[in-house]
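Here is a short report on internal cavities and on one helix pair. Look over the sequence and the structure before reading on.

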Amino acid sequence: MDYKSTLNLPRTDFPMRADLVAREPGRLKKWEAIGLYRKIQAQRAGAEKFVLHDGPPFANGDVHIGTALNKILKDIIVKYKTLRGFSAPYIPGWDCHGLPIEFKVSQEMGKKFEAQWPQARQKFEDLWKDKSDPASVEAGIKYSEQQKSLSPEKIRSECEKSAKHFIEIQRVQFKRLGVLGDWDNPYLTFDKEYEAEELRLFADIVEQGFVYRGKKPVYWSIPCRTALAEAEVEYQDHVSPSIYVKFPVVGRPKTFVLIWTTTPWTLPANLAMAYNSTFSYVQVRVGDENYILFRGRLPAVAEKCGWSNYEEKPFSTGDLSKLEFQHPFCNRTGKLFAGDAFVTSDTGTGFVHIAPGHGLDDYNLGLKVGLPIYSPVTDHGTLTWTKDLPEEQQMPDSLIGKSLLEKHGKSEANEAVLHELRVRHALLHQEDYHHSYPHCWRSKTPIIFRAMDQWFIEIDHVAADVSRRKSNSEGRQRGLTSAATFRQAALAEIDRVTWIPDWGVNRIKAAVESRPDWCISRQRTWGVPIPAFYDAKGEPILDAQIVRNAADLIEQHGSNVWFEKSAAELWSLLKPKNWKSVEAVNKSNDTLDVWIDSGSSSRSVLMRRGELQHTVAQASRLHTETENAGETPALPWQSDMYLEGSDQHRGWFQSSLLLSLAGNGAAPFKTVLTHGFMVDADREKISKSKQHQGGYEKPQTAEAYVKKWGADIVRLWVSSQDFRNDIIVSEERIAKVAETYRVIRNALRYQLSNLYDFDPAKHTVADDKLTGLDRWVLGEFSKLEQEVIKAYDDYEFHVVYQKVSQFIAVELSAIYHDVIKDRLYTDPANSHRRRSTQTTLHRLVTGLCQMLAPILAFTADEAWEFVPGKNANSVHETVFKPTNFSTTGSEQANWKSLFELRNSVLPELERSRQAKTIGKALEAELVISVAPKTNAEIAEKFQDDFRELVNVSQVKFKHGGVLPVCTVNKSDGQKCERCWRWEMEVGSHKEHPTLCGRCVEAVKQFGKA
Ligand SMILES: [Zn+2]
């Protein structure tokens, strides 16, 4: 008889080779086909909500590996909360407007235009000479078409196409990562409904008096021709010309005030000078000239300017305010003012040249002492005359039109100003100066500070009357205390939010405490228009009712309507019925800062989408909980969590907080979780721009990683890292995680392969009837479940990874799976012992699939399909409830003893194998000496369990002996042909002379179960 065929050998169709790259797309199709996301939402209808609100990535380019990290972390949380029974809808979003898109589109359009234009222009000019020639008309039409190709409408339609194109690409790439969400109904910031709600929120803010128009220095990008927000500025090393300049003192021949600057181009805009009233100043005689400067800087300045011989005498600080200086190259004079807050002792000369149109300190001083906010620079970044000063006081003709934009480290404007200084002998010293200087994040060029008319949100605004706002919004808002400034209210609101990690609270507080007023207007085309008008005098009209009317119009037609219709048409459509103020003659061409777009998602998404509202019961429960603690209650629309990179304290977290607090009366989030960045082996941030500069061999896109490893390995790798710190990207690290993946997969496969004949409904063994070994492993697994749930709840996914992979490697692979082979394969198929172990394996594989599902979204679901008697088609539809399997204290103590004894016995067995005393462990007979109160005494009580744990054929216990603990002999008897154990009884059965008693029984029952 072929006894091998009577063994219960493992079998399963769950493949050993993962082949994720090829297999995962099939699973995605399946999820799509069954409408998994919709199904889950329907199943969880009415359950407690958990809303993680998606921060929208830019609809531009492929999904970067850093963006993949963010989306995977979000998905792990959403999947976990869903498994724990929450209703956790996930609505992905895209940020569709903005400079990156417009910049690229304009460049492409510009190239096309340039390629076509010279020909058309030549033809047009040639033929225009004869106006009667029909060809000249044709050329004229072409000309106007070319012009049209760069019109705002054309740019906007190209931008929209580009954004839609990349939304499609990114949607596919995000889905490929296994991220489950409402991909068919994402929120897009260029949707007309989104834009309309954004404008309604803006109208509420306008109505409360937050928004003002002011001339103020803003960050200005010359190539992008727009003002930049704080978050759009990045600091880079830069070399500037450092110059010491002489300003002649009026009425004191050959006497000069010395200033130091690194921006020569601001000198034409100089209107004053600042000193520090707490400093001591001196007048220094060098040759036949006298220089006034701060005594503390004299040694440094003398060294730079090469003064070997000089005399110094004190200059009364009190007299400084009486001086008047002559501008070195403009026909005007200026005065000196105290500027103690910003005139410092560590650099320069103790005097700061003041150009109120080009610096914040300068601007504030200018306002205080009544200087014009003079900024003689065009949008294109060239020097110009303005109406702020009389003609005779303006800069020399030679400077007009000179560009501030640097090429190869030099700008025309700086060079021209230096030339003016040199020819007038006003330049005392010049050298290169290395410092960190703000640059435009997009064009990577140095920004300038430039005063211009912009719209601002006032951060220190005193909040408007609360009761009015409440009535406006059907009580869904809570009010600010009317006494506080908005900044104070924002700081107080920050304290109501949970920040993880907890240093986040300091970071956002610092950002809010120090931030200037928010410049919200952009001179760009691809954005939501600011629905403002101008009257005949050029005075702006910004009115909440007009903004609301514009929102209604845009909800119908989209925001293109603002660009397509004339000012007169728009005014007649939007003017409130009872309008009694001035009439508009022009419309605003400004768009809103894109941070207003994404920052308005509290109104456009959280409040608008029904599935995101917390139930009344849940909100009131939270209300009671928090009211007792003296806290403000949560509102039904407030999201449970925002989760973005730690740079968003300056960006989206802040813009969302400020807009929601100003317009909705509360922060849009209860918890804010931040993650670090993907860094390379040199701990440098992996950025898109570094990619373009050829910094990496391979593209750092999500797709590149998924195509090599599969999404589940990328997900497992993300989970393996403590995301609160930066995450190091390296092939070695991922390869290591891939090794862990194989161990996990093999464990699942082993469990499934031993359940092929197990029907949980028929064969499940009750807890108290399970064998000791099974009870032990389930007890350990129950502890694991508690630890894993705690780690998930604390958002410590690396702990989940460590705990699960440790359990699989040690408790399962090294012990349990190994030990149970004998009983699974050789016991009668339907024996109690085998069914007990199958019951256990069934529980283990069910629990493992569920606890791994948030991370290994594909593999856990793949394995789930093979789980017998499963209660749902997809693991993602199930509810993960811990088994809470409890074992008694004495049971645990006994098993602890057995494992300790096993640990001391296994090396002995290994030594005997090495010495060839025995072949396989099953050839061995162990003789254990038993002394009172030792592990051996326990082992004697549980002989069968212990024998199975060490996998030998026989264990004998010897009393009264002393050392050694155990001896290893070759087993007596003969080897059973079927189970390979050595038994005395082999040979005593007539029908099956080569089998042991247990195997005889198994063979008799074979085929009967
Ligand atoms: Zn046997």
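## Lining of the largest cavity

This is a predicted model. By class, the lining of the largest cavity has nine nonpolar, six polar and one charged residues. In total, 16 residues line this cavity. Those nearest its centre are Trp265, Leu404, Glu406, Tyr437 and Pro446.

Which strand gives the most to the lining of the largest cavity? Strand S6, residues 233-248, does, with three residues.

## Cavity count and volume

Seven cavities of 30 Å³ or more are found in the structure. The largest has a volume of about 140 Å³.

## How H3 and H27 pack

Helix H3 covers residues 65-83, and helix H27 covers residues 772-793. The two pack at an angle of about 130°. Their axes lie 11 Å apart. Because of that angle, H3 is oblique to H27. The oblique class applies because 130° is neither over 145 nor within 65 to 115 degrees. H3 passes H27 in a left-handed crossing.

## Residues at the helix contact

Which residues of H3 meet H27? They are Ile76, Tyr80 and Lys81. On the H27 side, the partners are Ile789, Tyr792 and Asp793. The residues of this contact divide into four nonpolar, no polar and two charged. Lys81 in H3 and Asp793 in H27 are the charged ones, because Lys and Asp count as charged. The nonpolar ones are Ile76 and Tyr80 in H3, with Ile789 and Tyr792 in H27, because Ile and Tyr count as nonpolar.

Notes
Residues are numbered from 1 along each chain as its sequence is written. This is a predicted model: local features need pLDDT of at least 70, side-chain atom pairs count only at pLDDT 80 or more; totals for chains, interfaces and linings use all residues. Side-chain values use heavy atoms; hydrogens and water are left out. On a 1 Å grid over the protein atoms alone, a cavity is a set of points where a 1.4 Å probe fits but cannot get out, and a pocket is an open set with protein on both sides within 12 Å along at least five of seven lines; lining residues have an atom within 4 Å of a point. Grid points are joined across faces, edges and corners, and a volume is the space filled by probe spheres set on the points. Helices (H or I, at least four residues) and strands (E, at least two) are DSSP runs, numbered from the N terminus. Axes are lines fitted to C-alpha atoms, for helices over the stretch in contact, and angles run from 0 to 180 degrees between N-to-C directions. Angles under 35 degrees count as roughly parallel, over 145 as roughly antiparallel, 65 to 115 as roughly perpendicular and the rest as oblique. A crossing is left-handed if the near helix is turned anticlockwise from the far one by less than a right angle, and right-handed if clockwise. Contact means heavy atoms within 4.5 Å.
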